[in-house]
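Trainee: Please take one part of this model for a close look, and then relate the rest of the chain to that part in a connected account.

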Amino acid sequence: MDLSDQFSLDHLIFKERTCRSCGKTKSLMDDFYLTRKDRATVASAYSYECKDCTIKRITEKRKEEYNPVPRIKDVYPDW
């Protein structure tokens, strides 16, 4: 009995992953970012957060950090 008859390469390569933020199962290669550019295209080289959730998290974080300088008429009372 040969092991190659029982298992194929498709069983060892993950094609889908569940996002940790939204919980949806998405395509690994299309919907997740690589963690580093120099990594190979193996499943462990992809992040655990999908692209949509990553974009949403980054834009919300930047909105929170954006703190404009208050105008003078907003700081001083109008007497």
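**Helix H4 and its salt bridges**

Mentor: Lys63 is exposed, with 58% relative accessible area; exposed here means over 50%, buried under 20%, and partly exposed in between (1.4 Å probe, protein chains only). The model is a predicted one, in which local features require a pLDDT of at least 70 and side-chain atom pairs a pLDDT of 80 or more, while totals for chains, interfaces and linings use all residues. Residues are numbered from 1 along each chain as its sequence is written, and side-chain values use heavy atoms, with hydrogens and water left out.

Lys63 pairs with Glu60 in a salt bridge whose closest N and O atoms are 3.9 Å apart; the term covers a side-chain nitrogen of Lys or Arg within 4 Å of a carboxyl oxygen of Asp or Glu. Glu60 is partly exposed, at 39% relative accessibility. Because the two residues are three apart in helix H4, about one helical turn separates them. Helices and strands are DSSP runs numbered from the N terminus (H or I over at least four residues for a helix, E over at least two for a strand).

The structure holds three salt bridges. In general, side chains of opposite charge can pair when their charged atoms come close. A second bridge links Glu49 to Arg57, with 3.0 Å between the closest N and O atoms. Its two partners differ in burial class: Glu49 is buried at 14% relative accessible area, whereas Arg57 is partly exposed at 44%.

The remaining bridge joins the side chains of Lys26 and Asp52 at 3.4 Å, N to O. Lys26 belongs to strand S2 and Asp52 to helix H4 (residues 51–65), so this pair ties together parts that are 26 residues apart in sequence. Here the acidic partner is on the outside, since Asp52 has a relative accessible area of 53% and counts as exposed. Lys26, by contrast, is buried at 15%. Beyond its neighbours within four places in sequence, Lys26 is in contact (heavy atoms within 4.5 Å) with Lys15, Glu16, Arg17, Asp31, Phe32, Cys50 and Asp52.

Cys50 in that list leads to the cysteines. A disulfide would require a pair of cysteine sulfur atoms within 2.5 Å, and by this rule the count is zero. Cys22 is in no disulfide, the nearest cysteine sulfur being that of Cys19 at 3.7 Å. Cys53 is likewise in no disulfide; its nearest cysteine sulfur belongs to Cys50 and lies 3.4 Å away. Cys22 is partly exposed, at 34% relative accessible area, while Cys53 is buried, at 14% relative accessibility. Gly23 sits in the loop between strand S1 (16–18) and S2 and is partly exposed at 46% relative accessibility. The C-alpha atoms of Gly23 and Cys50 are 9.6 Å apart, although their positions lie 27 residues apart along the chain as a sequence separation.

The chain as a whole sets the context for these details. There are five helices and four strands, in the order α-α-β-β-α-β-β-α-α from the N terminus on. Of the 79 residues, 16% count as buried. Among contacts between residues at least 6 apart in sequence, 29% join residues at least 24 apart. The chain exposes about 7,400 Å², with carbon and sulfur atoms supplying 54% of it; such areas come from the Shrake-Rupley method with a 1.4 Å probe, and for residues only the protein chains shown count as cover.

Towards the C-terminal side of the numbering, Tyr76 lies in the segment after helix H5 (72–75) and is exposed at 56% relative accessibility. Ile72, Val75 and Tyr76 form a nonpolar patch on the surface, with about 360 Å² of accessible area together. Patch members have over 30% relative accessible area and no salt bridge, like charges being joined within 9 Å and nonpolar side chains (Val, Leu, Ile, Met, Phe, Trp, Tyr) within 5 Å.

Confidence should be weighed throughout. The mean pLDDT (the predictor's confidence in each residue, from 0 to 100) is 79 for the chain, and 76% of the residues score at least 70. Confidence is highest in strand S2 (residues 25–27), at a mean of 93, and lowest in helix H2 (residues 9–12), at 50. Where pLDDT is low, the predicted coordinates should not be read in detail.
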